Amino acid sequence: MSKIGILGSAAVGQALARGFKQHGHEVRIGSRTPAKLAEFSASAGIAAGTFAEVASWAEVLVLAVKGTVAEDALRAAGAASLRGKLVIDTTNPIAEAPPVDGVLAFFTGPNDSLMERLQAAYPEARFVKAFSSVGNALMVNPKLEGGPPTMFYCGNDAAAKAAVRSILETFGWEPADMGTAVAARAIEPLCQLWCIPGFRENTWRHAFRLLR
Ligand SMILES: NC(=O)c1ccc[n+]([C@@H]2O[C@H](COP(=O)([O-])OP(=O)(O)OC[C@H]3O[C@@H](n4cnc5c(N)ncnc54)[C@H](OP(=O)(O)O)[C@@H]3O)[C@@H](O)[C@H]2O)c1
């Protein structure tokens, strides 16, 4: 059991907060205004705090904020509270522009990724990209007719990735290690692909599976 600090109060933060708690971890959830989480906290039995409070308490962090403000949220969490910690990065670099024919715009280019930027900004944190390529409703215990889906993950630190692999297995995923942080260039755009059937056909219950 670990102390899991969720940085992010919206759909992803709440889904993963409940999921980690359900799987036996101690969980707290962070927001710039923790008071707005009062109802969620009461129903989920999960305490809320500021980004800084949650980050300093936690052993493992989950980053679940809007991609455009990911660096702001980490700054609010505080560099000292990120040092040495696993940060599970669920974010996607979605730009403010509306989707074109169902394809979301990114503010990163093909040879760049949000997680690489975050890892460069906080070199002492151990970022692992995960949960970014599926909707929040399927992040924990996904039940799909096609069987257990694949979650692609990557990061520079082997021990951090091993911890995420084990979490993914517990949460019902087939984990697929794609290598170092550079692989976030390929994993983050899976969000664009995943969202296309959603925007075009309003179907959101699907996930990727790697067949060998
Ligand atoms: N929605 C999904 O199903 C899904 C699936 C996979 C990946 N993702 C990715 O997961 C991340 C979270 O998605 P989401 O839909 O749960 O929420 P979201 O609407 O993208 O982000 C909400 C969070 O962003 C924070 N935030 C907004 N402006 C901020 C600022 N200026 N400074 C600091 N924090 C700020 C909010 O903080 P406050 O609590 O203070 O308001 C809130 O916690 C995103 O990067 C998204 O691309 C989403």
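Here is a short dialogue on reading the sheet and the ligand site of this predicted model.

Q: Where do I start with the sheet, and in what order do its strands run?
A: The general idea is that strands of a sheet pair through backbone hydrogen bonds, parallel or antiparallel. In this model, eight strands make an open sheet, ordered 3-2-1-4-5-6-7-8, with mixed pairing. Strand 3 (47-49) and strand 8 (174-177) are the edge strands, each pairing on one side only. On average, neighbouring strands of this sheet are turned by 25° against each other, direction ignored.

Q: Okay, and in which sense do strand 5 and strand 6 pair?
A: Parallel: residues 86-89 of strand 5 and residues 126-129 of strand 6 are joined over four bridges. If you want a spot to look at, find Asp89, which sits opposite Lys129 in strand 6.

Q: What does helix 7 touch on the sheet?
A: Helix 7 (residues 158-170) packs on it, touching strands 5, 6, 7 (150-155) and 8. Its direction makes about 165° with that of strand 7.

Q: Now the ligand. Which residues come nearest?
A: There are 25 residues around the ligand, and Ser9, Ser31, Arg32, Lys36 and Val65 come nearest. By type, the shell divides into 11 nonpolar, 10 polar and four charged residues.

Q: How do I read the polar contacts, say for Ser31?
A: Look for N or O pairs within 3.5 Å. Ser31 puts a polar side-chain atom 2.7 Å from a ligand oxygen. For Lys36, a side-chain N or O atom is 2.5 Å from an oxygen atom of the ligand. With Lys66 it's a polar backbone atom, 3.1 Å from a ligand oxygen.

Q: And how much of the ligand does the protein bury?
A: Taken alone, the ligand exposes 890 Å², and the protein buries 79% of that.

Definitions and conventions
Residues numbered from 1 in each chain as written. Predicted model: local features only at pLDDT ≥ 70, side-chain atom pairs only at ≥ 80, totals over all residues. Heavy atoms only, no water. Pairing = 2+ DSSP bridges. Helix = DSSP H or I, 4+ residues; strand = E, 2+ residues; numbered from the N terminus. Axes fitted to C-alpha atoms, helices over the stretch in contact; angles between N-to-C directions. Contact = heavy atoms within 4.5 Å. Near = heavy atom within 4 Å. Polar contact = N/O pair within 3.5 Å; in protein donor to acceptor, adjacent residues only side chain to side chain. Areas by Shrake-Rupley, 256 points an atom, 1.4 Å probe, with all protein chains shown as cover. Nonpolar A, V, L, I, M, F, W, Y, C, P; charged D, E, K, R; others polar.
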